[in-house]
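Biologist: I am new to reading protein structures, and I would like a close look at a single part. Could you take me slowly through the way helices pack against each other here?

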Amino acid sequence: MDTYADLVFVGGRVVTVDADFSVASALAVTGGVIAAVGGRDDVAPLIGPGTRVIDLRGATLLPGINDSHLHGCAYGTATPPLSLDLGHPAVSSLADVADSVRDAVARAARGQWITGHGWDTGYLAECAADPSRLPSRHDLDAVSPDHPVVLYSFSGHATWVNSKALELIGVDRHTVAPPGGAVVKDDSGEPTGLLHEGAQALVQNALPPLSRRERADAVRSTLATLARLGITSYTEPGLGPGGDGIMRGALGTETLDVYRELLADGELTARVGVLLLPTGMASTAEEFARALTALDEAGYTRTTDPRRLAVHGVKVFADGIVPNKTAWMSEPYVGGGCGSLCVGGETDAERTAEINAMIRHAHAAGHQLGVHVTGDRGNDTVADAFAEHPRDDARHYIIHGDFLTAHAMKVLAAHDFGVNMNPTIKWTVADMEEDFVGAERAAYAWPYRDAVDAGVRVASGSDAPVTHPDWRQGVATMVLRESKAAGRVSGPEQRIGLAEAIRTYTIEAAWQDSADDWKGSLEPGKVADLCVLDGDLLGADPRDIPGMPVVLTVVDGRIVHDALRD
């Protein structure tokens, strides 16, 4: 035998995720590529003196997980030690948040900004008991009168600040929010300390930007977390000038430069795909076209190693999110209002024309498009705009698609477009969405079953730091449709099977990356991106899946996480 395998796996369940979803018991890896899949006899001839043979002992070997919507740098900056953890269960009340801020102030240098991430009114006791009770600057002022405080919601679409921060950024009762944003004010007209959507830039622009080292450290932290979770690929959905004012520039153009440096230094332990973000919310098509051309001319659409770091296309924001009532809906929210598209324009017709023009420009320039859109009316608008510009290799997709309609599904399927859904967000917000859209619509949100049955390409992503990037919880949620807080079933008719759920994190996510011919399944000739899960995934109770340990992660044949030897 001239070439022996580097790694051989035997004695387990090798879930290939091929066209038949076949299950083998052994697999061999040579030079970063899958050399054989089958039984023990198929891999035995490849075992040499230097081969590491791993007895899976009944464990499950999967293709490496592809989280196809994950803000890598932002996730690193949003987690300790760079930021306070304000998500559930770390905090359970406004009082808990205040305690966390008080502790941070005690450690901070004079005048230092205090930052935190992850608060969710659905898990803050005072807000859950009284939906009209929202976070306020007054909740923070007593514990931090002199330090500016900026706390980001779990969704990234709302920011909560104290009075000192409002003073430093110059926001008062006379401040007019930028288009597509809102400065929330109380009955007397004074700012409450909540900034929604585009108004968040008012505080973002006042924060000291992240240094190159801070960005690199944030990405390294994320890569370490993902390796422990078996995630071998992810999409950074929006790096560019449109992200310069988001999370201290974590989504800015300089972050793409950091990724390039980490690639050159051999530090990327996951494959990274990028969507460029030429402009943020409330931009016009003219501004978008100008910014995209500048990115092209500056070379940001080119990469030297596209299998490790690839710029796939362009991201556009079409509307907001349901909890802020900024998703564009055909029927009113509870309490009124239907939201709207968030681009420039005074009327729905003008804004629709702007979205169409943005999509047309990016499409004509040859880019893949990922469009953030959540409301049902917004989804129809974006799907129809995609269909106006057919191109065989486009692989455009809707990002989130919370209220994807039958019409939008039909259009997407007919043109081989996709949708990127978020099961861990469904799990997180299922109990609170009824307050905004009522029980029937809340149950429908993220309609996996209908989308799969309609023939739409469906990939899954965590949208970290919106949720923790745990695909195991995502799989359990797709199968069960149970909520995080109450464990209540939300939309049982939208459940999908375990095999279908696994596909959304593997081969369908690879399709989104235009990489399904070389990754996303365990077949000879494909790259050796692997995830080993302790136990029998296919036979497990779905409720037990989130607790099944990831014991080995392999990227391109290189082991990046090894609990088997710990």
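Modeller: What follows is a walk through helix pairs, with a short stop at some loops at the end.

First, a word on what you are looking at. This is a predicted model, in which local features need pLDDT of at least 70 and side-chain atom pairs count only at pLDDT 80 or more, while totals for chains, interfaces and linings use all residues. Residues are numbered from 1 along each chain as its sequence is written, and side-chain values use heavy atoms, with hydrogens and water left out.

Let's begin with helix H10 (residues 285–297) and its partner H11; their axes lie 9 Å apart and make an angle of about 20 degrees. Helices here are DSSP runs of H or I with at least four residues, strands are runs of E with at least two, and both are numbered from the N terminus. An axis is a line fitted to C-alpha atoms, for helices over the stretch in contact, and the angle between N-to-C directions can run from 0 to 180 degrees. H10 and H11 are therefore roughly parallel, a word kept for angles under 35 degrees, whereas over 145 is roughly antiparallel, 65 to 115 is roughly perpendicular and the rest is oblique. Their crossing is right-handed, meaning that the near helix is turned clockwise from the far one by less than a right angle; anticlockwise would be left-handed.

Which residues touch? H10 brings Ala 285, Phe 288, Ala 289, Leu 292 and Thr 293, and H11 brings Glu 354, Ala 357, Met 358, His 361 and Ala 362. Contact means heavy atoms within 4.5 Å. Sorted by class, this contact holds seven nonpolar residues, two polar and one charged. Nonpolar covers Ala, Val, Leu, Ile, Met, Phe, Trp, Tyr, Cys and Pro; charged covers Asp, Glu, Lys and Arg; the others, Gly among them, are polar.

Now stay on H11 (residues 348–364) and turn to helix H12 (residues 376–387): the two axes come within 9 Å and cross at roughly 40 degrees. H11 and H12 are therefore oblique to each other, and this crossing is right-handed. From H11, Asp 348, Thr 352, Asn 356 and Ile 359 meet Arg 377, Thr 381, Val 382, Ala 385 and Phe 386 of H12. Four nonpolar, three polar and two charged residues make up that contact.

Another pair is helix H8 (residues 212–228) with helix H9 (residues 253–264), whose axes come within 10 Å and cross at roughly 65 degrees. The H8 and H9 crossing is right-handed. H8 offers Arg 212, Arg 215, Ala 216, Val 219 and Arg 220, which meet Glu 254, Thr 255, Asp 257, Val 258, Tyr 259, Glu 261 and Leu 262 in H9. In this contact there are six charged residues, five nonpolar and one polar.

Finally, the loops. Pro 80 and Pro 81 are joined by a cis peptide bond with omega about 5 degrees, and Pro 81 sits in the loop between helix H2 (72–77) and strand E9 (84–85). Ala 464 and Pro 465 are also linked by a cis peptide bond, with omega about 15 degrees; Pro 465 belongs to the loop between strand E21 (457–460) and helix H17 (471–480). Val 17 is not a glycine, although its phi is positive, about 55 degrees. You will find Val 17 in the loop between strand E2 (13–15) and strand E3 (23–24).
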